[in-house]
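Take a look at the fold below before reading on. The report starts with one pair of strands and then moves outward to sheets, rings and charges.

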Amino acid sequence: NGHLQGSSTFYRHEHRLLTGAGAWLWVLDRGRVVEQDEQGGALRIIGTMTDISVRKNSELQLARTLGELHAILDSATQVAIIATDLDGCIRTFNIGAERMLGYAAAEVVGQHTPLLFHDAEEVAAREQLLSAAQGRLVRGFQALVAGSLGLQDSDAREWSYRCKDGRRLTVNLLVSAMRDPDGVPQGYLGVAIDVSAERQAREALLAQQALLNKLSAQVPGVIYQYLLRPDGSSCFPWCSEGVRQIYDVAPEDVRDDASEVFGRILAEEQEPVRLSILRSAQQLSPWCEEFRVQLPSRGLRWLRGEATPERQADGSVLWHGYITDITAGKDIEEELRQLSVTDALTGVFN
């Protein structure tokens, strides 16, 4: 109607037609008025009608695919999915990204992602590391992408994000290149997972471990966990640094195999100690034993150990306990025994 009223020089319209065979075709209808009456009304129109069903079906299929893709992206509400061009300008910003960072997609599409979300000092630090590692200057978005692609150490995948409200999040950012059919990069797709809670838990665990190590270093002797497996093998999954003083071994030397510790026990006392451990395991009763060890650097020493067992799901038994050096006490006991049976002046037995 617009063309017939003179608002355009020709008309163009896409629509469907029903064929005589009952099939629907998409056609492109184009034409123009070539003859008018005295009042300007159209007398004759010339045009063409082209079958565009193949193109239209491809477009519809593409539209459906894009719709499904957007539905998939928006269904990932716990994951931020951000697509950028090669320069880092945002092209896609899913609902998960909106919820995580507090921005609406309309606010950030077209913005430069490193300047918007990332900490400038962190990006600068990655620039220096990557430049040193690769022997060339790596700037801004290149450092961000290279770091996230894992071109430096494994921690390069972890980044800090700055939210709209000023909060800082720690995210695990995975980046993949988007390429055309010829393999030429067209942009990048980033998937960010909020790992702030995990990082806080990890830091709290490390702090607790540091505190435990500091406290255990002040305790005379060794605090330990001892594990006896169903096959009879054993180890010390954890022990304090005091094990160096008590057994002349390092904690890592007995973490998987306790045989080096038992090798320090005097030969005539190894079997009684082994039997006392088995009895404690069978009855789940507290273990308490005094025994002697021969240490490479300190010679013969008396030790006393106490521990409480608990059975594990796989049938093994785990003890929590401590062992301390009682050599000085044993020496005093022997000295008192000698004094009790001998004359102090002559040394003759009473």
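In strand 10, Y224 has C239 as its bridge partner. The model behind this report is predicted. Strand 9 and strand 10 run antiparallel and pair over 4 bridges.

**The sheet**

These strands belong to an open sheet. Five strands build it, in the order 10-9-13-12-11, with antiparallel pairing. Which strands form the edges? Strand 10 (234-239) and strand 11 do, and each pairs on one side only. Neighbouring strands in this sheet are turned by 35° against each other on average, with direction ignored. Helix 10 packs on the sheet. It touches strand 9, strand 11, strand 12 (299-311) and strand 13. The direction of helix 10 makes about 150° with that of strand 11.

**The hairpin**

Another antiparallel pairing joins strand 2 (residues 24-36) and strand 3 (residues 42-51), over 9 bridges. Here G31 stands opposite G47 in strand 3. The hairpin has 5 residues between its strands. In this hairpin G40 takes a positive phi near 90°.

**Aromatic rings**

A pair of aromatic rings is described by the distance of the centres and the angle of the planes. The count here is 5 aromatic pairs. Take Y226 and W319: why is this pair called tilted? The ring centres are 5.5 Å apart and the planes stand at 40°, so the pair of Y226 and W319 is tilted. Y226 sits in strand 9 (residues 222-228) and W319 in strand 13 (residues 317-325), so the pair ties together parts 93 residues apart in sequence. Are the two residues buried or exposed? Y226 is buried, with a relative accessible area of 6%. W319 is buried too, at 2% relative accessibility.

W287 and F291 make another tilted pair, 6.5 Å centre to centre with 45° between the planes. Both W287 and F291 are buried. Ring pairs also link a cluster made of Y224, Y226, F236, F262 and W319. Y224 is thus a member of this cluster and the bridge partner of C239.

**Charges over rings**

Two lysines lie over ring faces. K56 lies over the face of W26, at 4.8 Å from the ring centre. K330 lies over the face of W302, at 4.5 Å from the ring centre.

**Salt bridges**

How many salt bridges does the structure hold? There are 16. The table lists some of them.

| Residues | N to O distance |
|---|---|
| D165 and R167 | 2.9 Å |
| K330 and E290 | 3.0 Å |
| E306 and R304 | 2.9 Å |

Start with K330 and E290, whose side chains meet in a salt bridge. This pair links distant parts of the chain: K330 lies in helix 11 (residues 327-341) and E290 in strand 11, 40 residues apart. K330 counts as buried, at 19% relative accessibility. The cut-off matters here: buried means under 20% relative accessible area. E290 is partly exposed, with 34% relative accessible area. K330 thus takes part in this salt bridge and lies over the ring of W302.

Next come D165 and R167. D165 is exposed, with a relative accessible area of 54%. R167 counts as partly exposed, at 41%.

The last row of the table holds E306 and R304. E306 is partly exposed at 28% relative accessibility. R304 is partly exposed as well, with a relative accessible area of 26%.

Salt bridges also form a network that links R12, E14, R55 and K56. K56 appeared above, over the face of W26.

**Positive phi in loops**

Most residues other than glycine have a negative phi. Which residues depart from that here? D248 has a positive phi near 60° and is not a glycine. D248 is found in the loop between helix 8 (243-247) and helix 9 (259-262). At 23% relative accessibility, D248 is partly exposed.

L284 is another such residue, with a positive phi of about 50°. L284 lies in the loop between helix 10 (267-283) and strand 11 (287-295). L284 is partly exposed, with a relative accessible area of 38%. Helix 10, at one end of that loop, is the helix that packs on the sheet.

Note on methods. Residues are numbered from 1 along each chain as its sequence is written. This is a predicted model: local features need pLDDT of at least 70, side-chain atom pairs count only at pLDDT 80 or more; totals for chains, interfaces and linings use all residues. Side-chain values use heavy atoms; hydrogens and water are left out. Rings of Phe, Tyr and Trp (its six-membered ring) pair if their centres lie within 6.5 Å; planes under 30 degrees apart count as stacked, over 60 as edge-to-face and the rest as tilted. Helices (H or I, at least four residues) and strands (E, at least two) are DSSP runs, numbered from the N terminus. Buried means under 20% relative accessible area, exposed over 50%, partly exposed in between (1.4 Å probe, protein chains only). A charge sits over a ring if NZ of Lys or CZ of Arg is within 6 Å of the ring centre and within 35 degrees of the ring normal. A salt bridge is a side-chain nitrogen of Lys or Arg within 4 Å of a carboxyl oxygen of Asp or Glu. Two strands pair if DSSP finds at least two bridges between them. Axes are lines fitted to C-alpha atoms, for helices over the stretch in contact, and angles run from 0 to 180 degrees between N-to-C directions. Contact means heavy atoms within 4.5 Å.
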